[in-house]
Amino acid sequence: MVSRAILEHNKKNDSPIEELILHTGQHYDENMSDIFFNSMGIPQPTWQLQCGNGAHGEMTGRMLIEIEKILFDTLPDYVLVYGDTNSTLAGALAASKLHIPVVHVEAGLRSFNKQMPEEINRILTDRIATLLCCPTFAAVKHLANEGVREGVHHVGDVMYDAALLFGELADSASSILSLYQLRSKQFRLCTVHRAENTDNPERLMEIVHALTEISSSSFPTVLPLHSRTRNCLEKLDMLRSLEKQEGILIIPPISFLDMVMLEKHAATILTDSGGVQKEAYFHHTPCITLRDETEWTETVEAGWNQIAGYKKQAILNCLKNNPVRKEIPEYGEGHASEKIIGLL
């Protein structure tokens, strides 16, 4: 969305912003990378690093080496990083070593669980950043509690900008409901990819057992299977039986617009993804989070999100609940990307 806002800015201003996109390759699956750029209309990356394989330290280290070379050659005015991935931290570190100001989009989020690699990435990137663009007032408060007040701005959520724009586009561009013969509000959507779930056999097995219990041929669960999750299920010798389970529809990773379509029409979303938790709210679909905490606490307070953890019974209990739900105004009105461009 920031890329689109830059294009709109350049149409209306005599002093254009030149954007050069660096793609680290952390998300290397075609459906999670190339199709993502195509479906969202984002300009193709200037650099493709292909640093997606390896453990966290190895991956981040290789990114850091390659990003530093590119920044040294180009010396941009700003390095803009998003979210909480290894790419986020590597980009921020490389820029800081060369004294290039860092802009962090989605600054200030906290799960308060330092066992999550993403939490470490967030904290370190926020310490490095010059401009901290916060999606929520809670994020601003977290930074203030940590003594970070300079350069902090509440801009709203760029993902809400995307939800408004692409929600309607998905209705005309996606055929995934007809492809899998899904009826609106007559299926559940589940995504599982975080290491805390996939790499812990007990957690992964409990989640799978919950999915098998709640799924049926008349009310299926759609499971776009992340490559990490697939590998872990294979190691546990569970993939083949799960594929044969009645009511569980395992599909490959899908494009952004297909994901939006499933999120809009699902009866419930079960996920360990931070982004999907928010998108569930954007499309007014109840969400159950398969983690022990969330950085998006306002979705829980507003009743759209329930924290289940991984235990089967807790997941089943959340499905039975019907909490009172209300709107979340702090995500903004769909102009977060424009505000970020204004700050630049």
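Select helix 10, residues 201-214, in this predicted model. Its buried residues are Arg203, Leu204, Ile207, Val208, Ala210, Leu211 and Ile214. Look down the axis: they cover an arc of only 160 degrees, which puts them on the same side of helix 10. An α-helix has 3.6 residues a turn, so residues three or four places apart point the same way. The helix has 14 residues and reaches 20 Å from its first C-alpha to its last, close to the 20 Å expected at 1.5 Å a residue. At the N-terminal end, select Asn200, which caps helix 10. One of its side-chain oxygens lies 3.1 Å from the backbone nitrogen of Glu202.

**The parallel strands**

Next, select strand 7, residues 188-191. Arg188 and Cys190 point one way from this strand, and Leu189 and Thr191 point the other way. Are these four residues buried or exposed? All are buried. In a regular strand the side chains alternate between the two faces of the sheet.

Add strand 8, residues 221-224, and strand 10, residues 268-271, to the selection. Strand 7 pairs with strand 8 in the parallel sense over 2 bridges. In strand 8, Thr221 is the bridge partner of Arg188, and Val222 is that of Leu189. Strand 7 also pairs with strand 10, again in the parallel sense, over 4 bridges. Here Arg188 stands opposite Thr268.

Stay on strand 8 and show its side chains. Thr221 and Leu223 point one way, Val222 and Pro224 the other way, and all are buried. Strand 8 pairs with strand 9 in the parallel sense over 4 bridges. One place to see this is Pro224, whose bridge partner in strand 9 is Ile251.

**Thr271**

Now go to Thr271 in strand 10. Thr271 is buried, with a relative accessible area of 0%. Which side chain does the side chain of Thr271 meet in a polar contact? The partner is the side chain of Thr191, at 2.5 Å. Leaving aside neighbours within four places in sequence, Thr271 is in contact with Thr191, Val276, Gln277, Cys287, Ile288, Thr289 and Leu290.

**Gly247**

Select Gly247, in the loop between helix 12 (239-244) and strand 9 (248-251). Gly247 is buried, with a relative accessible area of 12%; the cut-off for buried is under 20%. Then select Ser217, 30 residues away from Gly247 along the chain. The C-alpha atoms of the two are separated by 4.4 Å. Ser217 is among the contacts of Gly247 outside its neighbours within four places in sequence; the others are Ser215, Ser216, Pro220 and Thr221.

**Helix 3**

Move to helix 3, residues 56-74. Helix 3 has 19 residues and reaches 27 Å from its first C-alpha to its last, close to the 27 Å expected at 1.5 Å a residue. Which of its residues are buried? They are Met59, Thr60, Met63, Ile67, Ile70 and Leu71. Seen down the axis of helix 3, these buried residues fall within an arc of 100 degrees, so they line one face of the helix.

Turn to the face directed away from the buried side of helix 3: it carries the exposed residues Gly57, Phe72 and Asp73. Turn back to the buried residues and show what covers them, including strand 1 (22-23), strand 2 (47-48), strand 3 and helix 4. After the end of helix 3, pick Leu75, whose phi is positive, near 45 degrees.

**The two nonpolar cores**

Finish with the cores. The largest nonpolar core has 33 residues, and those with the most contacts inside it are Ile67, Leu71, Leu132 and Leu143. At least two residues of this core come from each of helix 3, strand 3 (79-82), helix 4 (86-97), strand 5 (131-134), helix 6 (137-145), helix 7 (158-173) and helix 14 (274-282). Helix 3 gives the largest share, 5 residues.

Within that core, select Ile67 and its surroundings. Not counting residues up to four places away in sequence, Ile67 touches Leu22, Thr24, Leu49, Ala90, Gly91 and Ala94.

A second, separate core of 25 residues includes Val192, Leu211, Cys232 and Ile248. Leu211 is one of the buried residues of helix 10, where the tour began. In soluble globular proteins, nonpolar side chains tend to be buried together.

Terms used
Residues are numbered from 1 along each chain as its sequence is written. This is a predicted model: local features need pLDDT of at least 70, side-chain atom pairs count only at pLDDT 80 or more; totals for chains, interfaces and linings use all residues. Side-chain values use heavy atoms; hydrogens and water are left out. Buried means under 20% relative accessible area, exposed over 50%, partly exposed in between (1.4 Å probe, protein chains only). A polar contact is a pair of N or O atoms within 3.5 Å; within protein, one must be able to donate a hydrogen and the other to accept it, and residues adjacent in sequence count only if both atoms are side-chain atoms. Contact means heavy atoms within 4.5 Å. A nonpolar core is a set of buried Ala, Val, Leu, Ile, Met, Phe, Trp, Tyr and Cys residues joined through side-chain atoms within 4.5 Å. The expected span of a helix is 1.5 Å times one less than its number of residues. The arc is that of the directions from the helix axis to the C-beta atoms. Two strands pair if DSSP finds at least two bridges between them.
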